[in-house]
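Let's take a walk through this one together. Have a look at the sequence and the model, and then we'll go from the charges to the fold and on to one hairpin.

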Amino acid sequence: MTAPVNIQMTVNGEAVSCAVAPRETLADFLRQGLELTGTHTGCEMGVCGACLVVLDGQVVHSCLTFAVQADGSVIETIEGLNDRSVIADIQEAFHARNALQCGFCTSGVLMTAHSLLSQPGVPSREQIRDALSGNYCRCTGYEAIVDAIESVARDRAAAPAARQIEEAGA
Ligand code: FES
Ligand code: FES
């Protein structure tokens, strides 16, 4: 049996130090080692997008990443995004438009949406669909998901103008 490997990383702002099996995936480490079960595992072969996490600023498939490869990294999971309230408007838009049914894909979809909406500009529906091409949802038909993401993109783009108008009228 191969000896465990010591790794250190920052997960959702917390320093983590642990011994892991060399072939343990980051997804399994997050879910079983740290009990961060918002990261889901579906296909476990890089297709469905249920396992997406942010690793050093890049969205990656945690099912295709060994935990040892994340040694020294900064990782954020769906729990971290939720706790920092940076996706609250996306979550509200999903809720308002019924953009989820069983919810299995949703944490990965929110990861993709957060990544897309962190870029400047308002993405077109085509760009939103393109960004979602790595997220497999078997329930919704995607229309409501695209609607929700598009509405947040527009609201965020309008927010500075709205704030300026408020300030001017104050
Ligand atoms: S579980 Fe990682 S892409 Fe499906
Ligand atoms: S809401 Fe069920 S898989 Fe997407």
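Start with the charges: the chain carries 10 positive and 20 negative ones, and their mean positions lie 6 Å apart. Keep in mind as you look around that this is a predicted model.

Staying with the outside for a moment, about 9400 Å² of the chain is exposed, and 49% of that area comes from carbon and sulfur atoms. And the inside? Of the chain's 170 residues, 40% count as buried.

Now zoom out to the overall layout. If you follow the C-alpha trace along its principal axes, it spans about 65 × 40 × 20 Å. What is it built from? The secondary structure adds up to 6 helices and 5 strands. Trace the chain along the sequence and you'll read β-β-α-β-β-β-α-α-α-α-α, so to speak, with a run of five α at the end of that pattern. As for how the chain folds back on itself, take the contacts between residues at least 6 apart in sequence: 56% of them join residues at least 24 apart.

Finally, zoom in on a hairpin. Strand S3 covers residues 52-55 and strand S4 covers residues 58-61; the two run antiparallel and are joined by 4 bridges. Within this pairing, valine 53 sits opposite valine 60 of S4. How many residues lie between the strands of this hairpin? There are 2, and in this hairpin aspartate 56 adopts a positive phi, near 50°.

Key. Residues numbered from 1 in each chain as written. Chains lettered and ligands numbered in written order. Predicted model: local features only at pLDDT ≥ 70, side-chain atom pairs only at ≥ 80, totals over all residues. Heavy atoms only, no water. Buried < 20%, exposed > 50% of the residue type's maximum accessible area, 1.4 Å probe, protein only. Contact = heavy atoms within 4.5 Å. Areas by Shrake-Rupley, 256 points an atom, 1.4 Å probe, with all protein chains shown as cover. Lys, Arg positive; Asp, Glu negative; His and termini not counted. Charge placed at Lys NZ, Arg CZ, Asp CG, Glu CD. Pairing = 2+ DSSP bridges.
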